[in-house]
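Q: I'm new to this one and would like a close look at a single part. Could you take me through the salt bridges and what surrounds them?

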Amino acid sequence: MVFLFTYTISAQTNDGVAYVKQFYKEWKEKVDQHNENTIYLNYQTEITTKAEDDKLTTNKTTIEVISDKEHATFLTKELSVYQDKKHTVSILPDKQLIIINEYAGDNYKKEKLASFEIFQDSIFNSLITQKFEEVVISGKTYKKAILKANAYAVKTYKMASMEFLLDESLGVVKEVKVNYVNHSQFKSVKINILKQDLTYKNLVLKRKALANVFDSKGELLEKYKSYKLIDNRLK
């Protein structure tokens, strides 16, 4: 990302915190209001961890989510998950493994569909505006806020700061980054939304989850014939 232009907005101490909190709240509400539709979300997680020798390692994962009221699909390079109201089917190509489980509620779906919702309103009470500015990245204007953690958040969450990149034109939280301090494992966690569509029309999820691995006779599809199957369905 190339910063072509940046300037600092004159703001009171907590202007950045209040602005991000309200923007974040409205973004979540908009997603919730469309949960009857087919929703598409493509985002990337970037997790930086540290070993005992303080060596840093960064892992990036791109996650694609397609969800409607009855179905959900989660796709990464390492894992594909298909879910309906009866079953959850997980496919791990690298291990040539298929796992089938009974439906266990929407927790997994909610976790993947609303990754930014891990931040509760109360956490904003532990943040102080460090920088609140308007930036232009690759020709597009965003609001960027760097929010510093107070002593309580540092002690409780081992968090040093949070960074938000907000797309006002789309009303989307484009990016969130959490920087940690004195954490035993994490150095930082960043989530970047690549694409969001709350009225997705390109694919209607009507297939049963099992249809992604079985044919009409109940046999594994040809491309999965060599896979090991772990079937945890109730008999």
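A: Let's start with a yardstick: the expected span of a helix is 1.5 Å times one less than its number of residues. Helices here are DSSP runs of H or I with at least four residues, strands are runs of E with at least two, and both are numbered from the N terminus. Try that on helix 1: its 19 residues should span 27 Å, and its end C-alpha atoms are 27 Å apart, which agrees.

A word on what you're looking at: this is a predicted model, where local features need pLDDT of at least 70, side-chain atom pairs count only at pLDDT 80 or more, and totals for chains, interfaces and linings use all residues. Residues are numbered from 1 along each chain as its sequence is written, and side-chain values use heavy atoms, with hydrogens and water left out.

The chain has four helices and 13 strands. Of its 235 residues, 42% are buried, where buried means under 20% relative accessible area, exposed means over 50%, and partly exposed is in between (1.4 Å probe, protein chains only).

Now for the salt bridges. The term means a side-chain nitrogen of Lys or Arg within 4 Å of a carboxyl oxygen of Asp or Glu, and the count comes to five. Side chains of opposite charge can pair when their charged atoms come close.

Take E46 and K190, whose closest N and O atoms are 3.8 Å apart. E46 sits in strand 2 (residues 39-50) and K190 in strand 12, so this pair links distant parts of the chain, 144 residues apart. E46 counts as buried at 19% relative accessibility, and K190 is buried too, with a relative accessible area of 19%.

Strand 12 also holds S188, which is buried with a relative accessible area of 9%. Setting aside neighbours within four places in sequence, S188 is in contact (heavy atoms within 4.5 Å) with E46, I47, T48, K177, V178, N179 and Y180. So E46 turns up twice in this corner of the story, as a contact of S188 and as the salt-bridge partner of K190.

Next come D167 and K140, whose side chains meet at 3.5 Å, N to O. D167 is in strand 10 (residues 159-167) and K140 in strand 9 (residues 140-149), so the bridge ties together parts that are 27 residues apart in sequence. Here the two ends sit differently: D167 is buried, with a relative accessible area of 4%, while K140 counts as partly exposed at 29%.

Strand 9 supplies K143 as well, and its side chain meets that of E168 in a salt bridge of 3.0 Å, N to O. E168 lies in the loop between strand 10 and strand 11 (172-180), so this pair ties together parts that are 25 residues apart in sequence. K143 counts as buried at 10% relative accessibility, whereas E168 is partly exposed, with a relative accessible area of 40%. Beyond these pairs, salt bridges that share partners join E46, K60 and K190 into one network.
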